[in-house]
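This report follows the architecture of one protein chain, moving from helix packing to sheets and then to the division into domains. Please keep the sequence and the coordinates at hand while reading.

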Amino acid sequence: MRFSRAFIPTLKETPADAQVVSHVYLVRGGYLRQLAAGIYNLLPLGWRVIKKIEDIVRDEMNRAGAEEVLMPASVPAELWQESGRWQVYGPELLRWKDRKGAEFCTGPTHEEVIVDMVRRDTSSYRDLPLNLYQIQSKFRDEKRPRAGLMRGREFIMKDAYSFDRDEAGALKAYDAMYAAYGRIFKRCGLDFRAVEADTGAIGGSRSHEFQVLAESGEDAIVSCDTCDYAANVEQAEIMKPAEPGIQGAGELTAVATPTQKTIDDVSKFLGVAPSQLIKTLVYMADGSAVAAIIRGDRELNEIAFKKAVGATQLYLARDEEVVAATGVAPGFVGPVGLNIPVYADLELEGATGAVTGANRAGHHNTGVDLARDAKVTKFASIRLAGGGDKCPRCPGGHFRPFKGIEVGHVFFLGTKYSVPMKCNFLDEDRQTKPMVMGCYGIGITRIAAAAIEQNHDANGICWPLAIAPFEVEVISLQPGDAAVKAAADALYAELTAAGVEVLYDDRDERPGAKFKDADLIGVPLRIAIGARSLKEGKLEFKRRTDKDATLIAADGAAAYVAGLVAAEKATFRS
């Protein structure tokens with residue numbers, strides 16, 4: 001592709017609404033443009049990247065024995081009503097009516113549709129197992145779309161669904177998809193972790209997220225420094241400590257803390273560490289107030305707390321709800337004398353000498369012995385895992401914290417959808433049984449953003465070769481010089497004939513502008529042809545990640561670079 005004929009509208013300015021590096025560089029590099037909040041046009045460069053990712057995903061899905069289908073984006077409401085999700089899925093589900101008044105949704109995921117497809121034409125154990133997938137646009141009406149392709153409203157996703165006779169077969173399918181995902185993200189050139197995760201709105205009993213490690217990631221994960229255990233902090237198992245997490249002495253005493261409400265303010269005012277405080281959080285669980293207490297330097301795991309309470313709906317109580325339930329404003333609530341159910345983290349069992357809210361405006365208690373002074377409804381693991389926590393799977397291991405971008409998720413669904421939707425088969429004994437399912441999603445567009453978050457510098461993108469829009473960029477530094485033009489044209493033709501994907505910058509622009517655009521766009525390999533080096537029979541060669549260029553012989557340059565590309569490609573598919 002000649003740059004002079006390409007639609008690559010690069011920008012010098014940083015877009016005002018861009019919050020993360022990938023969004024900045026995708027806009028500035030001419031990869032995408034926003035159409036509406038969280039909805040983007042993919043320009044030619046962006047579409048080339050997406051197609052590369054799709055090709056890798058499709059190759060590995062086929063390799064794992066899955067078959068490709070395509071389902072409609074518009075889904076009749078009755079399918080979602082049949083599964084029960086129409087009533088419980090949140091406002092992210094875009095619901096609408098056609099001209100006849102029939103209700104539909106724009107599919108954010110397609111469990112119901114695929115179950116309906118399979119149950120229509122699959123009735124015998126001989127027809128199983130099945131694994132069907134599609135690559136399709138989805139829509140989720142995010143309240144606050146942000147970060148470009150990282151959290152948009154419309155996005156491209158690969159979703160696959162397996163159907164088996166029994167749990168053993170379904171787990172085998174799960175393991176096959178898990179392995180395929182590892183190959184996909186490796187081929188995309190990503191540093192990632194597969195972590196145990198919550199099943200969320202999809203449901204099921206087993207789940208792993210595939211997280212690309214990046215400081216800009218929205219997800220907090222922990223990984224053992226000794227074994228291969230890794231998990232989202234909301235899902236990570238935490239060992240009960242051998243000793244209470246707070247130990248101290250003293251009599252229960254109410255101390256005036258007139259304006260000190262936060263953990264930091266109270267700890268500084270009283271001269272104690274935040275780890276000596278007990279944090280009390282009031283929530284509304286199915287309409288009733290409940291309290292969660294954790295150590296002052298910890299964060300509550302709302303998913304674990306919801307499970308401990310056994311609630312269907314759970315949210316942090318508003319100020320007026322806290323006052324109504326406890327008689328005191330947030331900041332001074334504590335477990336001593338509290339007349340609502342109190343759920344305590346396991347770390348607090350046996351806690352002594354703690355500081356808590358006194359359930360009295362402007363006061364905190366010191367010297368709290370939790371067993372002596374408070375009534376705890378239940379002790380449970382309700383805090384988020386963090387760095388330094390002991391690994392539950394191996395002796396001596398400890399968690400290290402990471403930030404991650406979720407690019408894939410695999411779920412073992414069991415019969416969550418097949419039972420309510422009557423997706424059944426007849427076994428060898430002519431007995432009717434529900435199919436056992438798994439589902440497997442990959443964010444195609446999010447992979448592109450995650451790759452940039454992990455592979456960039458101050459000047460632009462540093463694409464892994466496998467998903468770069470082009471493999472090599474040829475830059476003619478003086479296109480008006482006949483010898484330079486002839487050499488650049490010839491190199492472009494030779495590389496293209498060798499099957500290399502080339503972006504040829506033949507524009508009548510200053511060399512500095514061309515180099516800036518090359519760094520911004522991020523093509524992995526670059527050859528610059530200038531009059532001075534050409535007279536010496538040399539060309540400038542540079543990897544995008546190298547600091548400086550090197551000179552290579554003009555004769556044989558095409559074969560040399562094509563060999564580098566071929567060698568790297570050969571490592572992709574292992």
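A crossing of two helices is called right-handed if the near helix is turned clockwise from the far one by less than a right angle, and left-handed if the turn is anticlockwise. The model discussed here is predicted, and in it helix α2 passes helix α11 in a right-handed crossing.

**Helix packing around α2**

Two packed helices are described by the angle between their axes and the distance between the axes. The table gives these values for the contacts of α2 with α11 and with α6.

| Helix pair | Angle between axes | Distance between axes | Citation |
|---|---|---|---|
| α2 and α11 (residues 444–454) | about 115 degrees | 9 Å | |
| α2 (residues 44–63) and α6 (residues 167–187) | about 150 degrees | 9 Å | |

The angle of about 150 degrees between α2 and α6 makes these two helices roughly antiparallel, and α2 passes α6 in a right-handed crossing. On the α2 side the contact is made by I56, V57, D59, E60, M61 and R63, and on the α6 side by M177, A180, Y181, R183, I184 and R187. Sorted by class, this contact of α2 with α6 holds 7 nonpolar and 5 charged residues, with no polar ones.

For α2 and α11, the angle of about 115 degrees makes the arrangement roughly perpendicular. Here V49, I50, I53, E54 and V57 of α2 meet I444, T445, I447 and A448 of α11, and the residues of this contact divide into 7 nonpolar, 1 polar and 1 charged. V57 of α2 takes part in the contact with α6 and also in the contact with α11.

**The five-stranded sheet**

Strands of a sheet pair through backbone hydrogen bonds, either parallel or antiparallel. In the order β28-β27-β29-β30-β31, 5 strands form an open sheet whose pairing is mixed. Its edge strands are β28 (502–505) and β31 (550–553), each of which pairs on one side only, and neighbouring strands are turned against each other by 25 degrees on average, direction ignored. Strand β27 (residues 472–476) runs parallel to β28 and is joined to it by 4 bridges, with E473 standing opposite L503 in β28.

Two helices accompany this sheet. Helix α12 (residues 482–497) lies across β27, β28, β29 (525–529) and β30 (538–543), and runs at about 170 degrees to β28. Helix α13 (residues 511–521) packs on the sheet and touches β27, β28 and β29, its direction making about 170 degrees with that of β27.

**The three-stranded sheet**

A further open sheet has 3 strands in the order β13-β19-β18, with antiparallel pairing. The edge strands are β13 (253–256) and β18, each pairing on one side only, and the twist from one strand to the next averages 30 degrees.

Within this sheet, strand β18 (residues 354–357) and strand β19 (residues 363–368) run antiparallel and are joined by 3 bridges. T356 has N365 in β19 as its bridge partner, while G357 stands opposite H364 in β19. The hairpin of β18 and β19 has 5 residues between the strands, and N359 in this hairpin takes a positive phi near 55 degrees.

**Domains**

How is the protein chain divided into domains? The assignment gives domain 1 (3–237 + 401–452), domain 2 (253–380) and domain 3 (470–570). The centres of domain 2 and domain 3, taken over C-alpha atoms, are separated by 64 Å.

How values were computed
Residues are numbered from 1 along each chain as its sequence is written. This is a predicted model: local features need pLDDT of at least 70, side-chain atom pairs count only at pLDDT 80 or more; totals for chains, interfaces and linings use all residues. Side-chain values use heavy atoms; hydrogens and water are left out. Axes are lines fitted to C-alpha atoms, for helices over the stretch in contact, and angles run from 0 to 180 degrees between N-to-C directions. Angles under 35 degrees count as roughly parallel, over 145 as roughly antiparallel, 65 to 115 as roughly perpendicular and the rest as oblique. Contact means heavy atoms within 4.5 Å. Ala, Val, Leu, Ile, Met, Phe, Trp, Tyr, Cys and Pro count as nonpolar, Asp, Glu, Lys and Arg as charged, and the others, Gly among them, as polar. Two strands pair if DSSP finds at least two bridges between them. Domain bounds come from an automatic or database domain assignment.
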